[in-house]
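I opened this notebook to record what I looked up in the structure. The entries follow the order in which I consulted it.

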Amino acid sequence: RSDATTDHYEITQQVAHLRILPGLETEAWTYDGSYPGPTLVSRSGRRTVVTHRNELPQPVAVHLHGGHTPHDSDGHPTDLILPVGWSRRHRYAMADTSGLARTALGERTYTYPLDQRAATLWYHDHRMGFTGPSAYRGLAGFHLVHDDEEERLPLPRGERDIPLMITDRSFTADGSFHYPAVDPEWGMPGVTHHWMEGVLGDTILVNGAPWPVLDVRRQRYRLRLLNAANSRILRLELDPQPPGGDALVQIGADGGLLERPVRHDALAMAPAERFDVVVDFARYRPGTRVRLVNRLGSGTTAEVMRFDVSGAARAPVDDTAVPDRLSTVERLDPRRAMAVRTFYFRRTAAGWTINGMPYRPGRALAAPKLGTTELWRIVSDFHHPIHVHLNPFQVVARDGGAPGRYDAGWKDTVDVLPGKSAEIAVRFTDYSGRFLFHCHNLEHEDMAMMADFVTR
Ligand code: C2O
Ligand code: CU
Ligand code: CU
């Protein structure tokens, strides 16, 4: 539904039985019965209003990842939607003792102004303590934002603009998703050895299908890659590489178009990161089978999907191109930061912590002033992909040196390797209130590696 200023969507969160593996049914938690959920499409600057109705057996919270969103629509982990038919007096309504939570009964409407650049956003569950299992059961979908700037470029579009949600799952013999046990009331069972790496599946799914095959013409395709795995880190490559390499031409990052394309042979992607790339299949001989592989996997986790290049000898006319200049990306100047903060992401005796503290709703670790830029230094003991809500950021340094080859453009998630650090510049804008930053390894997150910040 649309009117002059707003696009409206209604989504029912429901249990559905999906065909993922041949001959078996998988019970999933879905947005509108599909996995991934429906792809929402918005226009930059046009408000999108999404009403979520919760027909699942457990509470949910919906977060628009990468959305520049007022706090009451951000899907904070304590802002739950209780299932249809539950009572407000149910114990979950009381789970947040900070008094800050806003609990909705049955349904809730989220308002997204989407005053932001064209970008590949995604929405997923964010319920406190249960984000890992809920996302694993299927609660994730794409939300694309388009704008005029992007539309003026001669990039591949339509059916050659393809969002690819990459995840990993394990299945039990009857086809159910196999997620290690979670206490239905309290979520993840605290610090155990078990969860160090987070939960890894043994089968790669792309848009909900194991190792799919896509027939492609010998033309350019835009692939919007999202690592939606709970905790698996990917290193993606095309195999074979086209002659001359540089198969993956990156045009965008989490927060939209780069200034200039960056050419890669391989892409390192931590959970929640998006890489928008153009692949020119005209660089392959007719009939080539091009595998997208994960160099960090082995066996069934090394295969992602396959592109079967058309066998027609003559390549069709391709009027698309990747211009040398894509956009203008304003540089945030770290020397003008109004505050410099250091956050240690560590596993300690107190659990999975930020600056020694496990998550507690209402305890803010930063209070940035709207309109100002801050420099955040993130120090990691393990592998932690760190995500900041509300505003995208720029990676300005790694280990005191230059940023890495995957750090270009606006990011909202930065992968920090064990024993390493990264510095990010963030400018906080527009919306005051309580927001979140956290490790996007969903098991680390559920084990409380999160913190609030409050903008004012
Ligand atoms: Cu993709 Cu706070 O999450
Ligand atoms: Cu987010
Ligand atoms: Cu982590």
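Entry 1: a bridge pair. I began with a single pairing and noted that Ala-16 has Ala-28, in β2, as its bridge partner. I then looked up the strands concerned: β1, which covers residues 6-18, runs antiparallel to β2, and six bridges join the two. I record here that the model is a predicted one.

Entry 2: the sheet around that pair. I traced the neighbours and found an open sheet of four strands, ordered β2-β1-β4-β8, in which the pairing is mixed. At its edges I found β2 (26-31) and β8 (107-112), each of which pairs on one side only. From one strand to the next, the twist averages 20°.

Entry 3: the loop after β2. I followed the chain from β2 into the loop that leads to β3, where Asp-32 lies. I checked the backbone of Asp-32 and found a positive phi of about 60°, although this residue is not a glycine. The loop between β2 and β3 (37-43) also holds Pro-36. I noted that the peptide bond from Tyr-35 to Pro-36 is cis, with omega near -5°.

Entry 4: another cis bond. I looked up Asp-239 and Pro-240 and found that a cis peptide bond joins them, with omega at about 0°. Pro-240 is placed in the loop between β16 (234-239) and β17 (248-253).

Entry 5: the sheet that contains β16. I listed the strands of this open sheet, five in number, in the order β14-β22-β21-β16-β19, and noted mixed pairing. I asked why one side of β14 and of β19 is left without a neighbour in the sheet. The reason I entered is that β14 (213-216) and β19 (266-269) stand at the edges and each has a single partner strand, so one side of each remains without a neighbour there. Direction ignored, neighbouring strands of this sheet are turned by 20° against each other on average. I then examined β14 with β22 (residues 303-309): the two pair in the parallel sense, over four bridges. Within that pairing, Leu-214 stands opposite Phe-307 of β22.

Entry 6: domains. I consulted the domain assignment, which divides the protein chain into domain 1 (6-148), domain 2 (158-309) and domain 3 (334-455). I looked up how domain 1 meets domain 3 and found 17 residues of domain 1 in contact with 16 residues of domain 3. On the side of domain 1 that touches domain 3, I noted six nonpolar, nine polar and two charged residues. The C-alpha centres of these domains, 1 and 3, are 23 Å apart.

Entry 7: the record. I read in UniProt, in an unreviewed entry, the feature "domain: Plastocyanin-like" at residues 18-98, 107-149 and 346-455. For residues 107-149 I found 19% helix and 47% strand, with the end C-alpha atoms 35 Å apart. For residues 346-455 the values are 5% helix and 45% strand, and the end C-alpha atoms lie 25 Å apart.

Entry 8: the whole chain. I noted three helices and 31 strands in the protein chain. Its radius of gyration is 21 Å, close to the 23 Å that the globule rule gives for 456 residues, and I therefore recorded the chain as being as compact as a globular protein of that length. Along the principal axes, the C-alpha trace spans about 65 × 60 × 50 Å.

Technical notes
Residues numbered from 1 in each chain as written. Chains lettered and ligands numbered in written order. Predicted model: local features only at pLDDT ≥ 70, side-chain atom pairs only at ≥ 80, totals over all residues. Domains from an automatic or database assignment. Contact = placed C-beta atoms within 7 Å. Nonpolar A, V, L, I, M, F, W, Y, C, P; charged D, E, K, R; others polar. UniProt positions renumbered as here; feature names shortened; annotations may be inferred. Pairing = 2+ DSSP bridges. Axes fitted to C-alpha atoms, helices over the stretch in contact; angles between N-to-C directions. Rg over C-alpha atoms; globule rule 2.2 N^0.38 Å.
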